[in-house]
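This report covers a ligand site, a set of charged pairs and two individual residues. The sequence and structure come first.

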Amino acid sequence: MQPRIIQLPKFEDPRGNLSFIEEEKHIPFTIERVYWIYDVPGGQVRGGHAFKIQQELIIALSGSFDVEVDDGSEKQVFSLNRSYYGLYLPPGLWRRMQNFSTNSLALVISSTSFSEQDYIRDYQEFLKFRKP
Ligand code: TYD
């Protein structure tokens with residue numbers, strides 16, 4: 001599967017807008033964990049690793065940032081800046097999150113509970129994982 005932007009439901013309302021996610025319906029996995037990244041100082045980079053199994057949906061709930069996705073051959077950059085767009089990342093992709101705007105908030109919905117064993121943190125090891 002390829003990384004892709006998923007447009008989430010959006011109920012526009014003069015009182016304020018509302019969006020939501022249901023597992024297996026708007027995203028192709030069951031939700032095991034939710035985490036968020038916030039208070040990122042200007043110029044900082046998060047990520048810089050791949051997951052062997054974990055699938056994710058990344059949403060810019062507030063502000064904006066870029067997610068650089070690398071499959072070992074090609075890099076793609078997804079700019080997230082709307083709270084009703086999620087970036088779906090299948091497993092086996094190297095990702096870096098950067099260009100965080102002030103007060104941005106990244107919500108990450110994950111298909112697995114936390115496991116350090118699922119991380120590939122060495123880029124050469126990642127390339128071997130992709131092309132054994
Ligand atoms: P990491 O995934 O390396 O951060 P990022 O990809 O955003 O740069 O996680 C940073 C630290 O937080 C690492 O020591 C593991 C810990 N952590 C957990 O304990 N549970 C979690 O669900 C996550 C995402 C990280």
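In this predicted model, an N or O atom in the side chain of His49 is 2.5 Å from an oxygen atom of the ligand. The ligand on its own exposes 540 Å², and the protein buries 62% of that area. Two elements each give two or more residues to the surrounding shell: β4 (33-37) and β5 (46-51).

The shell around the ligand consists of Arg33, Tyr35, Ile37, Arg46, Gly47, His49, Phe114, Tyr119 and Arg121. By residue class, the shell holds four nonpolar, two polar and three charged residues. Besides His49, polar atoms of Arg33 and Gly47 also lie close to ligand oxygen atoms. For Arg33, a polar side-chain atom is 2.4 Å from an oxygen atom of the ligand. For Gly47, the atom concerned is a polar backbone atom, at 2.8 Å from a ligand oxygen.

**Ile120**

His49 is also in contact with Ile120. Ile120 belongs to strand β12, which spans residues 119-120. Is Ile120 buried or exposed? Its relative accessibility is 1%, so Ile120 counts as buried, the limit being under 20%. Leaving aside neighbours within four places in sequence, the contacts of Ile120 are His49, Ala50, Lys52, Trp94, Glu125, Phe126 and Phe129. Ala50 is 70 residues away from Ile120 along the chain, yet their C-alpha atoms are separated by 5.1 Å.

**Salt bridges**

Side chains of opposite charge can pair when their charged atoms come close. The model has six salt bridges, and the table gives three of them with the N to O distance.

| Lys or Arg | Glu | N to O distance |
|---|---|---|
| Lys10 | Glu12 | 3.4 Å |
| Lys25 | Glu22 | 3.9 Å |
| Arg96 | Glu68 | 3.7 Å |

The Arg96 and Glu68 pair links distant parts of the chain, with Arg96 in strand β10 (residues 94-98) and Glu68 in strand β7 (residues 65-70), 28 residues apart. Arg96 has a relative accessibility of 29% and therefore counts as partly exposed. Glu68, at 16%, falls under the 20% limit, so Glu68 counts as buried.

In the pair of Lys10 and Glu12, Lys10 is partly exposed at 32% relative accessible area, and Glu12 is exposed at 62%. In the pair of Lys25 and Glu22, Lys25 is exposed, with a relative accessible area of 60%, whereas Glu22 is partly exposed, with 37%.

**His26**

Glu22 takes part in a further interaction, through its backbone: the side chain of His26 reaches the backbone nitrogen of Glu22 at 2.9 Å. Where does His26 lie? His26 is in the loop between β3 (18-19) and β4. Although it is a loop residue, His26 is buried, because its relative accessible area of 18% is under 20%. Which residues does His26 touch, not counting residues up to four places away in sequence? They are Ile6, Leu8, Pro9, Phe20 and Ile21.

To restate the links between these parts: His49 has a side-chain atom 2.5 Å from a ligand oxygen and is among the contacts of Ile120. Glu22 pairs with Lys25 through its side chain, and its backbone nitrogen is reached by His26.

How values were computed. Residues numbered from 1 in each chain as written. Predicted model: local features only at pLDDT ≥ 70, side-chain atom pairs only at ≥ 80, totals over all residues. Heavy atoms only, no water. Helix = DSSP H or I, 4+ residues; strand = E, 2+ residues; numbered from the N terminus. Buried < 20%, exposed > 50% of the residue type's maximum accessible area, 1.4 Å probe, protein only. Contact = heavy atoms within 4.5 Å. Near = heavy atom within 4 Å. Polar contact = N/O pair within 3.5 Å; in protein donor to acceptor, adjacent residues only side chain to side chain. Areas by Shrake-Rupley, 256 points an atom, 1.4 Å probe, with all protein chains shown as cover. Nonpolar A, V, L, I, M, F, W, Y, C, P; charged D, E, K, R; others polar. Salt bridge = Lys/Arg side-chain N within 4 Å of Asp/Glu carboxyl O.
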